[in-house]
Amino acid sequence: MSGPFLGADILNACKLMFPTAGIIDAGFLTALAEEDLKTAFRKNALKTHPDRSSALGRSPEELTRLFQELTFAYQALQTFRLRGATDRVTPRTHQRPRPQWSSARVRRPVMNDFYHQGILPQRQLRLGEYLYYSKVISWRTLIGAIVWQKRQRPLFGEIARQWNFLSDEQIRLILKIKKRGEMFGECARRNGLLSHFQQLAVTGRQRRMQPLFGRHFIENGLMSLIQINLMVGRMEQHNRRLRYH
């Protein structure tokens, strides 16, 4: 009792997160605890995280794609778990909410995905977060934009080597001893290979060299420059109101 009762996106997410599971049906998801899902995500993340490309002997590009798919699956299952029992077992595709803004159109990619359904968080937001929480872009589009920007950013070790802060041997050592999830610069400073000033200088250079976040949507035809500027203005207004609240 698996296929017709679960959406294809949820079924694929289950198969990706629990590859050794037997029958995947509504009962399987009803019994799925949050800790089970988190444990499965951590286990699979160790096999797909781009930072472990050297240890796993796989290309960063391949691991980035796999880790992105895993993240989508995890978020989809988290959202599915939080829905009511009526929403969990349904033969129809969940209807996406329409963007809550002006008549300007946003071309969305055709994909199984979900959009934020709550209110705008009352905290300061970055552009990607603001677009997602405003229901202008989906979770998958947001993650894709973040991955795109990160891939365009020069590597921390590359800049540190160009500035003679680190040698090739030191860079290899940092990649070997870096803890899971730890930033390259943090590991270098923690082990006395970089000063705090050097770490800040390289990080600042990285940020200046990475492309603007909104460029991703313009280059991929998802939004126009006018639409991006409009949303940036709204985001700044939102952040100013909270800054002085």
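Which residues does His238 touch, not counting residues up to four places away in sequence? Keep that in mind while the whole chain comes into view.

This is a predicted model. The protein chain has 14 helices and zero strands. Follow the sequence and you meet α-α-α-α-α-α-α-α-α-α-α-α-α-α. Of the 245 residues in the protein chain, 41% are buried. The chain exposes about 15200 Å². Carbon and sulfur atoms supply 53% of that area.

Now consider how distant parts of the sequence meet. Take the contacts between residues at least 6 apart in sequence. Of these, 59% join residues at least 24 apart. His238 offers a case to look at up close.

Start with its place in the chain. His238 sits in helix H14, which covers residues 225–243. Is His238 buried or exposed? Its relative accessibility is 5%. The cut-off for buried is under 20%, so His238 counts as buried.

Next, its surroundings. Setting aside residues up to four places away in sequence, His238 touches Leu120, Pro121, Gln122, Arg123, Leu125 and Tyr130. That answers the opening question. Arg123 deserves a second look. Its backbone oxygen lies 2.8 Å from a polar atom of the His238 side chain.

Gln124 adds a sense of distance. His238 and Gln124 are 114 residues apart in sequence. In space, their C-alpha atoms are 7.3 Å apart.

Put the pieces together at this one site. His238 belongs to helix H14 and is buried. Its side chain has a polar atom 2.8 Å from the backbone oxygen of Arg123. Its contacts also include Leu120 and Tyr130.

Note on methods
Residues numbered from 1 in each chain as written. Predicted model: local features only at pLDDT ≥ 70, side-chain atom pairs only at ≥ 80, totals over all residues. Heavy atoms only, no water. Helix = DSSP H or I, 4+ residues; strand = E, 2+ residues; numbered from the N terminus. Buried < 20%, exposed > 50% of the residue type's maximum accessible area, 1.4 Å probe, protein only. Contact = heavy atoms within 4.5 Å. Polar contact = N/O pair within 3.5 Å; in protein donor to acceptor, adjacent residues only side chain to side chain. Areas by Shrake-Rupley, 256 points an atom, 1.4 Å probe, with all protein chains shown as cover.
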